[in-house]
Amino acid sequence: MQVYHYFTTIIILAAAFGYFNKRFLKLPRTIGVMIIALLTSLGIVLAASYFPNLFVQTKEMILSIDFYTVLMEVMLSFLLFAGSIHIKLNDIKSERAPIIAFSTIGVLISTVIVGGLMYWLLQAFDLNIPFINCLLFGALISPTDPIAVLGILKSANIPKSLETKISGESLFNDGVAVVLFVAIYEISQVGFANMGLSEIGLLFLKEAGGGILLGTALGSLGTYVLKTIDDYSVEVMVTLAMVMGGYWMASAIHISGPLAMVVAGIFIGNRGREVGMSSITEEYIDKFWEMLDEILNAVLFLLIGLELLVINFENIYILIGIIAIFVVLFARFISVGIPFFLLKKRVKFEQNSFPILVWGGIRGGISVALALALPRHSSGDMFVAITYIIVLFSIIFQGLTIGSLAKKLTVNSDKKSQ
């Protein structure tokens, strides 16, 4: 019953914060909920001496929630499927070169740059953290978060093709980054000498390739089932079962569940929509997944805000975290810049798209979840605090300004062309 009470409390808070944001703050929904949760957390900390029981009970509730498990093993499957089911395959095909480049080469470049610079930065603070641990941090902070990105892009008002590039990258690069994180973590456990390049390559092939194949199989099976019946309530349940069963299967056979969900969502949202859904079914499936997406987004960003209560913020961690913001932005600049300028001659990029691509690389809950998966005894607490600082900056400052940046660049380019 205690778990149910905690869950009830979280839903009530998400609804209350969502209402307050819609009524008064009028910020993008996810950002508004997170900011209110942050302010609530700060208020609880400041009022701890006056209301000690409130502080203790709230902290106990947050500690009882395994953020990594809740996001990576429960919520992520629904959120990725809900995001990808609305992606048009033709849009993805037309932008496939930059999406693939940014979500693979870009993630690898960013991981190496962040890992190397963080190693030197920590050495400068007399913190002798192994280089492999810094690479782990590079892997977890490099992916742009599809949950944060998709929610914020809805109100950013940027060109459709550029939105497809950013959202497509964010949907695929988290799967790539999770595979990379797992590979580096295994190397850190057994040593690079005991895990050669061929084994690392096979791990990538199994995780990523297996996830794509499973997603294709799930999408094909789901499309066939939808085509053979016409009952919107059953068809909604079929998509729900496909996501839950498919993610469980991916976890059981150790392949990438996130990639499987993205591919399955794109398949159902295109081929399944075309041949397997009536107009009524399509409407109900879209509304169901949109509603589920909104609820889970509100819960996720509420939890991110409340995590402030349980993260260990030492002064040195805060200072390193502020510097790390610029490290991550620099890595984003380079990791986007290299593929961008290599592809520029054969791929059409919108005017002023480069700064928007760089600033639109928003980090979110996936980075926090992966950081929380690090062992606490091996610099884990420090990397959790640094990750949290970067994610807060990314969601609040980048998320709130990406739309105005795009608008300003468009106005400036229009003036120059006149």
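Select helix α2 (residues 29–46) and helix α14 (residues 279–306): their crossing is right-handed, the near helix being turned clockwise from the far one by less than a right angle (anticlockwise would be left-handed). This is a predicted model, in which local features need pLDDT of at least 70 and side-chain atom pairs count only at pLDDT 80 or more, while totals for chains, interfaces and linings use all residues. Residues are numbered from 1 along each chain as its sequence is written, and side-chain values use heavy atoms, with hydrogens and water left out.

The axes of α2 and α14 lie 7 Å apart, at an angle of about 30°. Axes are lines fitted to C-alpha atoms, for helices over the stretch in contact, and angles run from 0 to 180 degrees between N-to-C directions. The two helices are therefore roughly parallel to each other (under 35 degrees; over 145 is roughly antiparallel, 65 to 115 roughly perpendicular and the rest oblique). Helices (H or I, at least four residues) and strands (E, at least two) are DSSP runs, numbered from the N terminus.

Next, show the side chains where the pair meets. R29, T30, V33, M34, A37, L38 and S41 of α2 are in contact with E294, N297, A298, F301, L302, I304, G305 and L306 of α14; contact means heavy atoms within 4.5 Å. These residues comprise nine nonpolar, four polar and two charged. Ala, Val, Leu, Ile, Met, Phe, Trp, Tyr, Cys and Pro count as nonpolar, Asp, Glu, Lys and Arg as charged, and the others, Gly among them, as polar.

Move on to helix α8 (residues 131–141) and α10. Their axes come within 9 Å and cross at roughly 170°; α8 and α10 are therefore roughly antiparallel to each other. The crossing is left-handed. On the α8 side, select I132, L135, L136, A139 and L140; on the α10 side, A177, L180, F181, I184, Y185, I187 and S188. This contact has eleven nonpolar residues, one polar and no charged.

Keep α10 (residues 160–190) in view and add helix α4 (residues 67–84): here the axes come within 10 Å and cross at roughly 150°. That makes α4 roughly antiparallel to α10. M72, L76, L80 and S84 of α4 meet L171, D174 and V178 of α10.

Now turn to the second largest pocket, which holds about 530 Å³ of space. On a 1 Å grid over the protein atoms alone, a pocket is an open set of points with protein on both sides within 12 Å along at least five of seven lines, a cavity is a set where a 1.4 Å probe fits but cannot get out, and lining residues have an atom within 4 Å of a point. Grid points are joined across faces, edges and corners, and a volume is the space filled by probe spheres set on the points. Of the 19 lining residues of this pocket, select Y68, E73, V178, Y247 and S251, which lie nearest its centre.

Finally, look for the enclosed spaces: the structure holds two cavities of 30 Å³ or more. The largest cavity has a volume of about 50 Å³; select F102, G106, V107, S110, S142, E169, R332, S335, V336 and R363 to display its lining. The second largest cavity contains about 40 Å³. Its lining is I325, V328, L329, R363, I390, F393, S394 and Q398. Helix α18 gives the most to that lining, with four residues.
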